[in-house]
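Colleague: I'm new to this one and would like to go through it with you. Can we take it a step at a time?

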Amino acid sequence: MKVGLFIPCYVDQFYPGAAIATLQLLEKLGVDVSYPKNQTCCGQPMANSGFAHLTGGCDKLFTESFRHFDYIVAPSGSCVLHIKEHLHSTENADDAASIRNKIYELSSFLTDILQVESLPARFPFKVGVHQSCHGQRGLYLSQMSELVAPGFSKPGKLLNMVEGIDIVQLNRPDECCGFGGTFCVAEEAVSVKMGKDRVEDHLSHGAEYITGVDMSCLMHMEGILRRQGSKVKVIHLAEILNSYQ
Amino acid sequence: MTDREQIINAIAANQPAFSPLPATHFTAEDQEDLASQFADTLTAIGSVVFVVDNLADIHQHIKSNTSADHRVISTIGMVEYNEDIGTNISPHSLQNVEIAVLKAHFGVAENGAVWLTEELMGNRVLPFICQHLMIALPIKDIVANMHKAYERIGNDSYGFGAFIAGPSKTADIEQSLVMGAHGPKTMTIFLMRS
Amino acid sequence: MSTETKDHAALADDFNKDEDRVDWHDETLWWIRQKRDKAVNKLPDWELLRDTASAIKDNVLSNLSVYLQEFEAKAQNNGIIIHWAANAEMHNKIVLDLLKAKGIRQMVKSKSMLTEECHLNEYLENNNIEVIDSDLGERIVQLAKEPPSHIVLPCIHKKKEEIGELFHLHLGTDKGNSDPQYLTETARQHLRNIFITRRASLTGVNFAIAQTGEFVVCTNEGNADMGAHLADIHIASMGVEKIIPERKHLGVFLRLLTRSATGQPITTYSSHYSKPRDSKEIHVIIVDNGRSKQLGRADFRNSLKCIRCGACMNTCPVYRRSGGHSYHNAISGPIGAILAPNLDMEKFADLPFASTLCGSCSNVCPVKIDIHQQLYKWRQVIVQNGYAPAAKKAAMKLMSITLSSPFLYHTSGKAGRMVLRFAPFAVNNRFNPWFKQRDMPAPPDQSFGEWYAKNR
């Protein structure tokens, strides 16, 4: 099984730690994983701003970079959802279609494909889990509070394998943090208010860390935490699953 | 082209390929529990429930809770409360009715609603304009849910019919629930054993 | 700037100047969302009901021209008079002509979002007809000279103290008294007098049944019935999409509507109007006003399934923190944002962008409209039609060029993570909207790509 590692642009540039943890975790689990160096971005920032017609170059690069792998794995629900829903290539239509089916967000790759049942991880802290909307409502990583349906959580299942971790309960378990791509600046006031409210839910329940499957949501909440001078840190799910503290 | 033709033509041109109607089969509640479920729901939506033996009990209840200057109208055979309120009167003349006592066709356990058509109302405005609404309902006439309700209504013909579930209410001011917005301030349901 | 020219972001910015009020607004609507959750979880069939309702509405949209004519014929058979209005102007003119013909100068109206969409009140007032809204929330915003901020809860943005002050000014209540019970009782007395004296009443329509020609109006207050049963002439305004095929389908929709809206099992009154009273009149005005056009937009026609429950507003984290008026449209919130661009793409170009695309709206929708997917699609249509700001177009073009080239991406990345100069959080200055209330992520020594090249 050859796995291509897709690292979203902002993770590559700002959160290499989350990317390294993802790589090491996959290697630890015996996966043959490599990182194609010509990858840049999934194209979501343009598409969600209404400029999907400008994503042809990104789509082409992405398809060329990842067409030869059995699976593509990324530490992001949002970018994976974008590829699943919107990757198209006129030159390589079949390759693009195939990529849309074999791309996985990290936690679902671990639970559904590798069927991981235990992990050598220890993280003795109080942790709040942020449900990123695209991962949850787009990729069905966890059950959604709006539906009348049995509960489940793929990231939750993995976190339960971590020794010493204390997951805190939230008042609103799956409310959006307000990042929303360019929404975070185009609608600055509402975006910040949503982020403050989300952070407060974690803080009031004693979280020492806020984790999630999407670094973009975490970056937004980190920006708010740091401005408030809070000691609470954000940490990608992969970093917890890859740690032994 | 008239507006009618213009609209129908535009819709006919733009509507998508035919999509068939789905089946409508839903779970019915356990028949045994209907009366208690109905009563519980009624209480939750702000109605008052009494279980009585018959019409005479209802009559007695009204007598002991009203004074002579209260205008009480009944359409269910309590002679002293009979009034001709049909189409030959102005509905405006009903504005001082204190209590209306009506019969319902049936009640719905899942939401506490009762179904009345206009011949049971005497006058269409009566169940809305009275200060207090009282409904007599044989306990056997309770259906589980709205699907059963419409099965029971079937193809009946009526000029006006309404599901009524509790007193008139509003929560428009800061979501504070207040009974008696425009219609009745209270709704009482008498569940009759016979 | 007036409300007319401010976009959603600017209006939301105004709303957020009072953070306590935002918290209050958010908590109030979240409480309603929680009531909805509690109610829907009592029905094991909930998701099946949603699927069924959605499929019934698919059938309606696919056969609408036939159902409308069937409804018309059956309703006429029942003695109801049917009118057709291609647009808002025609709708308003029909109402005015009906009133003029009877020499009526005053009308009482219950809730109808369609008449808000058509700006009927304004039109009638300009023609010397007085209109009084009878739904308590609508009466409150009418006294405040504001539009409703929510389709089910018209004055959800108003605090009781503000309502107390309005009632003191207009209805003579005691100054400083803002007790909801007291204010509601005052409105009851005030509006009873209106109901008793008005010869014309206008209501909306929740559902119109093709099979029987009857229509259903749902209220909690009983105001639609008080108006209709006391007036000589009852006018009911409905959008073409209000049709459902058979009476038994009401069983599906009435189970969904109020549980979604407020968490109640059903509205207090679900009134089925089939025939007029002796010697009185019922008129139904069937209105298009852009709906047939929306029906032709394959990506957006499902928005016509909407039954106006307001659940998408209550759950929307943006709506709760920006208020209904920030959408500057009769219908606010997520559903308003996908309906409005059909009516005026330029005026409402901002609305599909007033969302994080979190998808909660689509999940609560009782008829399963893919609201957040349509928001995404409207963004594309709006940009394609040239309604994106020039600066944004230029930035997106530059971003596209950089991200399409590994060379440009990596060289700009090395130069201080410059690739993200397009990304707002990368610029550390006071003019950057990211930095106003959020810190920047700390730039690492090397990118993952650089680390990988050295370590693997």
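Modeller: Sure. Before we start on strands, two strands pair if DSSP finds at least two bridges between them. Keep in mind that this is a predicted model.

Colleague: Then which residue of strand 9 of chain C is the bridge partner of Ala162(B)?

Modeller: Start with the strands: strand 8 of chain B pairs with strand 9 of chain C, residues 269-273. The sense is antiparallel, and the pairing runs over 5 bridges. Within strand 9 of chain C, Ala162(B) has as its bridge partner Ser271(C).

Colleague: Which two chains share the most contacts?

Modeller: There are 2 pairs of chains in contact, so we can rule one pair out, taking contact to mean C-beta atoms within 7 Å. Chains A and B are joined by no contact, and their closest C-alpha atoms lie 15 Å apart. Between chains C and A, 61 residues of chain C meet 57 residues of chain A. Of the pairs in contact, the one sharing the most contacts is chains B and C.

Colleague: And which element of chain B gives the most to the side that touches chain C?

Modeller: On that interface, 60 residues of chain B are in contact with 70 residues of chain C. Several elements of chain B supply at least two residues each, among them helix 6 (146-153) and strand 8 (160-164). By class, this side of chain B has 30 nonpolar, 23 polar and 7 charged residues. With 9 residues, the element giving the most is helix 1.

Colleague: Over on the other interface, which element of chain C has the largest share of the side that touches chain A?

Modeller: That side of chain C counts 61 residues, in contact with 57 of chain A. They split into 34 nonpolar, 16 polar and 11 charged. The largest share is 6 residues, and it comes from residues 390-403 of chain C, that is, helix 19.

Colleague: Now chain A by itself: how far apart do the C-alpha centres of domain 1 and domain 2 lie?

Modeller: Chain A is divided into domain 1, 2-113, and domain 2, 126-241. The two touch: 25 residues of domain 1 are in contact with 22 residues of domain 2. On the domain 1 side, the elements giving two or more residues include helix 2 (16-28) and helix 5 (77-86) of chain A. Centre to centre, by C-alpha atoms, the separation of the two domains is 22 Å.

Colleague: How many charged residues are on the side of domain 1 of chain A that touches domain 2?

Modeller: Sort that side of domain 1 by class. Nonpolar residues number 13 and polar ones 11. For charged residues, the count is 1.

Note on methods
Residues numbered from 1 in each chain as written. Chains lettered and ligands numbered in written order. Predicted model: local features only at pLDDT ≥ 70, side-chain atom pairs only at ≥ 80, totals over all residues. Helix = DSSP H or I, 4+ residues; strand = E, 2+ residues; numbered from the N terminus. Nonpolar A, V, L, I, M, F, W, Y, C, P; charged D, E, K, R; others polar. Domains from an automatic or database assignment.
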